[in-house]
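The exercises below ask you to work from a structure to statements about burial, contacts and charge pairing. Each task is followed by a solution that proceeds step by step.

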Amino acid sequence: MFASRWLQLPLYLGLILAQCVYVFHFWVELKDLVLAAMGNADALQHIFQAVAVPGAPLPEKLNETTIMLVVLGLIDVVMISNLLIMVIVGGYETFVSRMYLEDHPDQPEWLSHVNASVLKTKLAMAIIGISSIHLLKTFINANAYDPKVLISQTSIHVVFLLSAMAIAYTDHIMTNTASNTKH
C-alpha cells in the first residue's frame with residue numbers, strides 16, 4: 001500500500017510539462033510585447049487581441065494601459081508558474097519521497113518545513129495573488145464590463161480571501177494545539 005504513493009509521480013511529471021507550456025507562453029507574449037514596442041504591426045495586433053475585452057474597441061497604438069495589461073499577464077504567468085513549483089516540489093516531498101535537499105544551496109526556504117498544512121496555506125496565498133491580478137485587469141477595463149461581472153469577480157476574490165484566512169487560522173490553531181501537547 002505504501003508504494004502506491006508512486007502513482008502520483010506521473011501527475012507531477014505532467015505538471016512539469018504544464019510548466020513548460022507556461023514558459024513557452026511567457027516568451028511568446030514577451031517577444032510580442034518587445035516587437036510591438038519596436039513597431040512590428042503583427043506583434044501589435046497579437047498584443048491587442050491578447051488584452052482585448054469582448055465588445056470593447058481595440059486601441060489604435062501601443063499605450064500605457066495595453067503595456068500594463070500585457071505585463072500583468074506576464075506576472076500572472078509567473079505566479080501560476082510559482083504555484084506549479086510549490087505543488088510539484090512540495091507535493092512530491094510531502095506525499096511521494098524525500099528529495100534530500102537540506103544541503104543544496106538552492107533549496108527553497110519554505111521546503112525545510114513543508115507539510116500538507118503549510119502547502120495549503122501557500123497555495124491559498126498564491127491563488128489570492130493570481131485572483132488579484134485578474135481582478136486588477138478587469139478593473140482597468142471596468143467600463144467595458146457589465147456591473148454583474150465586476151461584482152461577481154470581486155465576490156469570488158473575497159471568497160478566496162476568506163478561504164485563505166480560514167485555512168491560515170485553522171493551521172494556527174493546529175500548530176498551537178500541537179505545541180501545547182508537546183509541553
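**Exercise 1.** Determine which residues Tyr92 touches, leaving out those up to four places away in sequence, and decide whether Tyr92 is buried or exposed.

*Solution.* The model is a predicted one, and the first step is to list the contacts: once residues up to four places away in sequence are set aside, Tyr92 touches Trp6, Leu9, Tyr12, Val87, Ser97 and Met99. The second step is to place the residue, and Tyr92 is found in helix H3, which covers residues 64-96. The third step concerns separation: Tyr92 and Arg5 are 87 residues apart in sequence, while their C-alpha atoms are 9.5 Å apart in space. Finally, the relative accessible area of Tyr92 is 18%, and because buried means under 20%, Tyr92 is classed as buried.

**Exercise 2.** Identify the residues of the largest nonpolar core, and say which helix gives the most to this core.

*Solution.* Begin with the membership: the largest nonpolar core has 10 residues, namely Leu33, Ala36, Ala43, Leu44, Ile47, Phe48, Val51, Leu69, Val70 and Leu74. Assigning these to elements shows that helix H1 (9-37), helix H2 (41-51) and H3 each supply at least two residues of this core, and that H2 gives the most, with five residues. Another core, of seven residues, lies apart from this one and includes Ile80, Leu119, Leu123 and Ile130. As background, in soluble globular proteins nonpolar side chains tend to be buried together. Turning to a single member of the largest core, Ile47 touches Glu29, Asp32, Leu33, Ala36, Leu62, Thr66 and Val70, again not counting residues up to four places away in sequence.

**Exercise 3.** Establish how many salt bridges the structure holds, and examine how Asp32 and Asp76 stand with respect to such pairing.

*Solution.* The structure holds one salt bridge, in which the side chains of Asp32 and Lys31 meet at 3.2 Å, N to O. For the burial of the two partners, Asp32 has 7% relative accessibility and counts as buried, whereas Lys31, at 44%, counts as partly exposed. Asp76, which lies in helix H3, is buried yet has no salt bridge, the nearest side chain of opposite charge being Lys137 at 5.0 Å. Because a salt bridge needs the nitrogen within 4 Å of a carboxyl oxygen, the 5.0 Å to Lys137 does not qualify. As a last step, list the surroundings of Asp76: leaving aside neighbours within four places in sequence, Asp76 is in contact with Ile130, Ile133 and His134.

Terms used: Residues numbered from 1 in each chain as written. Predicted model: local features only at pLDDT ≥ 70, side-chain atom pairs only at ≥ 80, totals over all residues. Heavy atoms only, no water. Helix = DSSP H or I, 4+ residues; strand = E, 2+ residues; numbered from the N terminus. Buried < 20%, exposed > 50% of the residue type's maximum accessible area, 1.4 Å probe, protein only. Contact = heavy atoms within 4.5 Å. Core = buried A, V, L, I, M, F, W, Y, C linked by side-chain atoms within 4.5 Å. Lys, Arg positive; Asp, Glu negative; His and termini not counted.
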